[in-house]
Amino acid sequence: MSALTSSVLSRLRPDTPVVKRVREPFRDRVFLIVVTIMLVVILALVLLPLIYIVASSFSSASAVSAGRVSFWPVEFSLRAYKEALSNPQVLRGYYNSLFYATAGTLISVTLTVAIAYPLSRKRFFGRNVLMTGLIFTMLFSGGLIPTYMVVQDLGMLNTRWALLIPNAIGVWQVIIARTFFANSIPEELHEAAMLDGASELRYLRSVVLPLSKPLLAVLTLMYVIWQWNTYFDALVYLKDPDLYPLQIVLRNMLVLNTRGVGATNMAQQMAQQQLANVLKYALIVVSSVPVLIIYPFIARHFTKGVMVGAVKG
């Protein structure tokens, strides 16, 4: 008996399970097609402007001003990046933003965990009252002037602390962390730690935090993006240019100083205006690089951390 005949007979045996492909209903297929088209359109709306910005940043000033750049660099040039990275204001703003993002994230994550963990303990007295007070602050606030007066009375005006302390805690992040601790950390671990003589602080440091890496990754990403994009608080509380974050520096360069200073004739003014047009694209790319570098390292924790911390059960 040939191998082909044996293969055919084996397929006809009654004990061989037959796998049938289940056809999706017509309505489900139409729904999936519509959703796919919508996602592709949304992706294009988000991705195409980013491609245009990157292409323009690597193009010559004359090509950008003439509108000849679409989605590929025209007359490849690095002049915009050289101008941006050689500017001492940009470098100082970059350093300040890195400091605010690093120190602010460390402070914010520490305080968020310190608040969320006690609120997740069922035996913590008054946790519902404290949680209600936190949620109340999401709906109502004192306003800009009272907040400014508090910052001024605390001596934080025109200091780095003005960007680190007033908005150090996000209520939404506290809710996510509290839900994560309550639903994802088994109560049996706490009982075992207490039987071994561990304190609450030791239990938090040695048991809870190692099991909360997805949550910590989510909180870190949220606070880093918030601190890196800080603009309004710096505009209100800071007066010293040496303390300005990168966002304020970009505002001053792209909004207040779009026309060249010191140009002696029309040709120089036009050249500086063309350089300003391409410089803004280079500055956008430069300011976005740190977040783009950080995101891939914590992206694998992001979805898990958000879903586990936001869904009960």
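The largest nonpolar core of this chain has 40 residues, and Leu-238 and Leu-283 are the ones with the most contacts inside it. You are looking at a predicted model, so a word on confidence comes along with the tour below. The mean pLDDT of the chain is 80, and 81% of its residues reach 70 or more.

**The largest core**

- Two or more residues of this core come from each of α2 (26–57), α3 (61–65), α4 (79–85), α5, α12, α13 (246–256) and α14 (266–310).
- Helix α14 gives the most to this core, with 8 residues.
- Take a look at Leu-238: leaving out residues up to four places away in sequence, Leu-238 touches Tyr-100, Asn-158, Thr-159, Leu-163, Asp-233, Leu-243, Tyr-244 and Pro-245.
- As a general background, nonpolar side chains tend to be buried together in soluble globular proteins.

**A second core, and helix α10**

- Another core lies apart from the largest one and has 21 residues, including Ala-193, Val-208, Leu-219 and Tyr-223.
- Val-208 also belongs to helix α10 (residues 200–208), where Tyr-203, Leu-204 and Val-208 are buried.
- Viewed down the axis of α10, the buried residues fall within an arc of 100°, so they line one face of the helix.
- Helices α5, α8 (171–184) and α9 (187–195) are among what covers these buried residues of α10.

**Aromatic rings**

- There are 10 aromatic pairs in the structure.
- In one of them, Phe-136 and Phe-140 have ring centres 4.9 Å apart and planes at 35°, so this pair is tilted.
- Phe-140 has 51% relative accessibility and counts as exposed, because the cut-off for exposed is over 50%.
- Tyr-148 and Tyr-237 make a stacked pair, with 6.1 Å from centre to centre and 20° between the planes.
- Tyr-148 sits in helix α7 (residues 144–153) and Tyr-237 in helix α12 (residues 232–237), so the pair ties together parts that are 89 residues apart in sequence.
- How buried or exposed are the two partners? Tyr-148 is partly exposed, at 25% relative accessibility, whereas Tyr-237 is buried, with a relative accessible area of 3%.
- Ring pairs also link Tyr-117, Phe-180, Phe-181 and Tyr-203 into a cluster, and Tyr-203 is one of the buried residues of α10.
- A charged side chain meets a ring as well: Arg-160 lies over the face of Phe-99, at 5.1 Å from the ring centre.

**Ser-97 in helix α5**

- Ser-97 lies in helix α5 and is buried, with a relative accessible area of 1%.
- Which residues does Ser-97 contact, leaving aside neighbours within four places in sequence? They are Trp-228, Pro-245, Leu-246 and Gln-247.
- Pro-245 is also touched by Leu-238.

**Where to trust the model, and where to take care**

- Among the elements of the chain, helix α5 (residues 88–120) has the highest mean pLDDT, at 90, and helix α1 (residues 3–12) the lowest, at 47.
- Residues 1–5 have pLDDT below 50, and this stretch has 2 contacts in the model beyond near neighbours in sequence.
- Residues 258–263 also stay under 50 in pLDDT, and here the model has 11 contacts beyond four places in sequence.

Definitions and conventions: Residues are numbered from 1 along each chain as its sequence is written. Side-chain values use heavy atoms; hydrogens and water are left out. pLDDT is the predictor's confidence in each residue, from 0 to 100. Helices (H or I, at least four residues) and strands (E, at least two) are DSSP runs, numbered from the N terminus. Contact means heavy atoms within 4.5 Å. Rings of Phe, Tyr and Trp (its six-membered ring) pair if their centres lie within 6.5 Å; planes under 30 degrees apart count as stacked, over 60 as edge-to-face and the rest as tilted. Buried means under 20% relative accessible area, exposed over 50%, partly exposed in between (1.4 Å probe, protein chains only). A charge sits over a ring if NZ of Lys or CZ of Arg is within 6 Å of the ring centre and within 35 degrees of the ring normal. A nonpolar core is a set of buried Ala, Val, Leu, Ile, Met, Phe, Trp, Tyr and Cys residues joined through side-chain atoms within 4.5 Å. The arc is that of the directions from the helix axis to the C-beta atoms.
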